[in-house]
Amino acid sequence: MPDSKKDTSPRESGPFPAILSVNNLKQYFYRKGGRAAPVKAVDGVSFSVFHGETLGLVGESGCGKSTLARSILRIYTPTDGRIFFEGNDITRLSRREMRPYRKKMQMIFQDPLSSLDPRMTVGEILMEPLIGSGIGKNRAERLLRAGEILEQVGLSRDALGRCPKEFSGGQCQRIGVARALITRPGLVVCDEPVSALDLSIRSQIVNLLLDFQRELGCAYIFITHDLSVLRSVSGRVAVMYLGRIVELCLGAEISDALHPYTRTLLEAVPARNPRLARQKDRPPAAGEVPDPASPPGGCCFHPRCRRAMPVCEKTPPETRAFGGRLVSCHLY
Ligand code: SF4
């Protein structure tokens with residue numbers, strides 16, 4: 001699979017400056033003893049996110065999406081490459097040096113209940129990021145702000161004194177959204193924010209996120225394994241496979257995806273394929289995602305690719321601009 005470090009596409013420019021730029025980012029994990037090959041969870045990823053846009057990040061479980069998100073937020077220290085936030089290089093900043101950026105970069109987690117500390121009240125949960133960011137003069141001011149945002153996410157101020165376990169999954173995710181947005185961040189990473197919720201609740205949470213985006217002008221990185229969710233939210237979509245971005249295009253153009261891996265993800269979307277919709281945990285492509293510690297040579301999708309050619313087994317394809325999108329495949 002190609003090195004995705006080339007930012008040559010017209011899709012990698014926008015009317016506004018980038019709030020985030022990632023350049024050839026690598027996140028490797030070394031096993032104990034250090035002798036075995038590292039797990040290359042993220043392996044040379046480059047892209048930008050512009051103010052106020054939503055970039056969808058899609059791929060199967062184990063493709064490195066969540067690791068990439070955690071590297072961007074500096075939960076991990078990257079192995080190599082650079083991360084620029086608002087033009088500042090944050091790649092190697094210490095915890096203390098990262099503090100001013102924390103309120104500007106937030107995260108919404110997949111499992112709403114387990115992401116909220118059960119020993120804390122909702123008020124304490126919502127005030128925590130305010131305290132960490134030095135927002136609000138005193139407790140009364142922070143509680144006021146916490147009550148306001150609770151109402152914005154559709155919950156009553158009475159929730160401030162209650163604990164997370166008293167709420168449903170959908171309500172917990174509303175609290176998670178409130179916690180992420182209470183500091184009015186410029187960038188929010190939404191890590192599968194609706195996949196643990198009932199279908200009936202999903203669109204409510206997505207609409208809530210879109211409302212906040214209109215009000216705050218924040219940018220989202222919206223991670224999901226389900227392309228059907230991205231259609232309604234993403235300005236652009238980056239498709240990830242085995243630690244690399246294999247296709248980057250406009251969300252509106254995703255139905256005409258070029259890369260064979262993106263095509264298999266599309267075929268797994270229930271609306272396009274009712275037979276697959278009835279299968280639980282349906283695989284988007286035959287076979288498993290290979291071990292990132294020993295990826296296949298050449299194009300690392302070749303063992304699963306229906307259109308693989310002899311060259312695919314030996315030579316990693318380059319990332320090229322093709323028809324207004326970035327794609328890494330020998331077919332283009
Ligand atoms: Fe990879 Fe070749 Fe398939 Fe393209 S055609 S995705 S390069 S295996």
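Ala, Val, Leu, Ile, Met, Phe, Trp, Tyr, Cys and Pro count as nonpolar here, Asp, Glu, Lys and Arg as charged, and the others, Gly among them, as polar. With these classes, the shell around the ligand has nine nonpolar residues, three polar residues and one charged residue. The structure is a predicted model.

**The ligand site**

In total, 13 residues surround the ligand. The closest of them are Cys 299, Cys 305, Cys 312, Cys 329 and His 330. The space that the ligand takes is the largest cavity.

**The four-stranded sheet**

Strands of a sheet pair through backbone hydrogen bonds, either parallel or antiparallel. One open sheet here has four strands in the order S2-S1-S4-S5, and the pairing is antiparallel. Strand S2 (39-50) and strand S5 (88-89) each have a single partner strand, so they stand at the edges and one side of each is left without a neighbour in the sheet. Between strand S1 (residues 18-29) and S2 there are nine bridges in the antiparallel sense. In this pairing, Ala 18 stands opposite Phe 50 of S2.

**The eight-stranded sheet**

Another open sheet has eight strands, with the order S6-S7-S8-S3-S9-S10-S12-S11 and mixed pairing. Its edges are strand S6 (105-108) and strand S11 (319-322); each has a single partner strand, so one side of each lacks a neighbour in the sheet. From one strand to the next, the twist averages 25°.

Strand S10 (residues 244-250) pairs with strand S12 (residues 325-328) in the antiparallel sense over two bridges, and Leu 248 stands opposite Leu 326 in S12. S12 also pairs with S11, again in the antiparallel sense, over four bridges. Here Thr 319 has Ser 328 in S12 as its bridge partner. S11 and S12 form a hairpin with two residues between the strands, where Gly 323 takes a positive phi near 60°.

**Helices across the strands**

Helix H1 (residues 65-72) lies across strands of the four-stranded sheet, namely S1, S2 and strand S4 (80-85). H1 also lies across S6 and strands S3 (54-58), S7 (187-191), S8 (219-224) and S9 (236-241). Helix H8 (residues 260-267) lies across S3, S9 and S10. The table gives the angles at which these helices run to particular strands.

| Helix | Strand | Angle |
|---|---|---|
| H1 | S1 | about 115° |
| H1 | S8 | about 150° |
| H8 | S9 | about 105° |

How values were computed. Residues numbered from 1 in each chain as written. Predicted model: local features only at pLDDT ≥ 70, side-chain atom pairs only at ≥ 80, totals over all residues. Heavy atoms only, no water. Near = heavy atom within 4 Å. 1 Å grid on protein atoms, 1.4 Å probe; cavity = no way out; pocket = protein on both sides within 12 Å on 5 of 7 lines; lining within 4 Å. Sits in = over half its atoms within 2 Å of the grid points. Pairing = 2+ DSSP bridges. Contact = heavy atoms within 4.5 Å. Axes fitted to C-alpha atoms, helices over the stretch in contact; angles between N-to-C directions.
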